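Good morning, and thank you for joining. Please look at the fold as it appears on the screen, and I shall take you through its sheet and helices.

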Amino acid sequence: MPNQEMMRRTFSLMEEAGKKGNRPFGALLYNEKTGEIIGETGNRSTEESDPTAHAEVSVIRDYCKTHPGEKLEHLTLYSSCEPCAMCACAMVYAGVGELVYGMTLEDAVELFGPNITLSCSDVFASSFHRIKVTSGFLRDEARAKAAWMLEEFDIITHEATK
Ligand SMILES: [Zn+2]
C-alpha cells in the first residue's frame with residue numbers, strides 16, 4: 001500500500017518549487033523497508049536554467065552522485081505527477097524499483113498546458129527494466145494543490161511543462 005505521508009510530502013515540494021519560480025512538481029525517493037526518505041526535491045528547471053531539471057530526474061541525479069554505481073531497485077520514487085517520458089527513461093536507466101504518482105499527464109496538460117503525453121507505463125513496457133507502478137494515488141489532492149498553485153503563483157502555463 002503506498003504511503004500517503006510520502007505523497008503529501010511531494011505536494012509540499014511542489015509548493016517549494018513554485019515559490020522559487022519553477023513549475024510546481026515534486027519527487028522523492030523512499031526506502032519502504034527502512035522508512036527513510038533518501039532524497040527529495042522540487043522541479044529546478046528555472047533556478048538551474050536547466051530544462052531537464054525535472055523533480056524526478058533531479059532526485060535521481062542527487063542520489064546517484066553520492067552512491068556511484070548503485071542501482072535504485074530497493075527504492076520507491078514518489079512523484080506529485082506522472083513522470084514525463086524523459087523522467088521515465090531516467091528511472092529505467094537508474095533501475096528504480098517502484099513508482100507512485102499522483103495526478104496524471106492528462107491532468108498536467110489540462111492544468112498547465114501542452115506536454116509530451118507519452119505515458120510512463122508505455123516507456124517502462126518498452127524498456128528492459130520492470131517498474132511497479134501505482135497511478136493516480138491521492139490524485140484529487142494533487143490536482144487541487146496544482147490548481148491552488150496556479151492561482152497563488154505566477155506559473156507559466158503556455159509552454160511545455162514539468
Ligand atoms: Zn519529467
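When I quote an angle, axes are lines fitted to C-alpha atoms, for helices over the stretch in contact, and angles run from 0 to 180 degrees between N-to-C directions. With that convention, helix α6, residues 139-152, lies across β3 and β4 and runs at about 55 degrees to β4. Please bear in mind that this is a predicted model.

Let me turn to the sheet. In which order do its strands lie? The sheet is open, has 5 strands with mixed pairing, and follows the order β2-β1-β3-β4-β5. Because β2 and β5, the latter at residues 132-134, are at the edges with a single partner strand each, one side of each has no neighbour in the sheet. From one strand to the next, the twist averages 15 degrees.

Consider now strand β4, residues 98-103, which pairs with β5 in the parallel sense over 3 bridges. Here L99 stands opposite V133 in β5. As for α1, this helix packs on the sheet and touches β1, β2, β3 and β4. The direction of α1 makes about 145 degrees with that of β1.

I close with helix α2, residues 55-66. At 1.5 Å a residue, its 12 residues should span 16 Å, and the end C-alpha atoms are 17 Å apart, which agrees. Which residues of α2 are buried? They include A55, E56, V57, S58, V59 and I60. The cover over the buried residues of α2 includes two helices, α1 (4-19) and α3 (85-94), together with strands β1 (26-31), β2 (36-42) and β3 (76-81).

Note on methods. Residues numbered from 1 in each chain as written. Predicted model: local features only at pLDDT ≥ 70, side-chain atom pairs only at ≥ 80, totals over all residues. Helix = DSSP H or I, 4+ residues; strand = E, 2+ residues; numbered from the N terminus. Expected span 1.5 Å × (residues − 1). Buried ≥ 20, exposed ≤ 12 C-beta atoms within 10 Å, placed from the backbone. Contact = placed C-beta atoms within 7 Å. Pairing = 2+ DSSP bridges.
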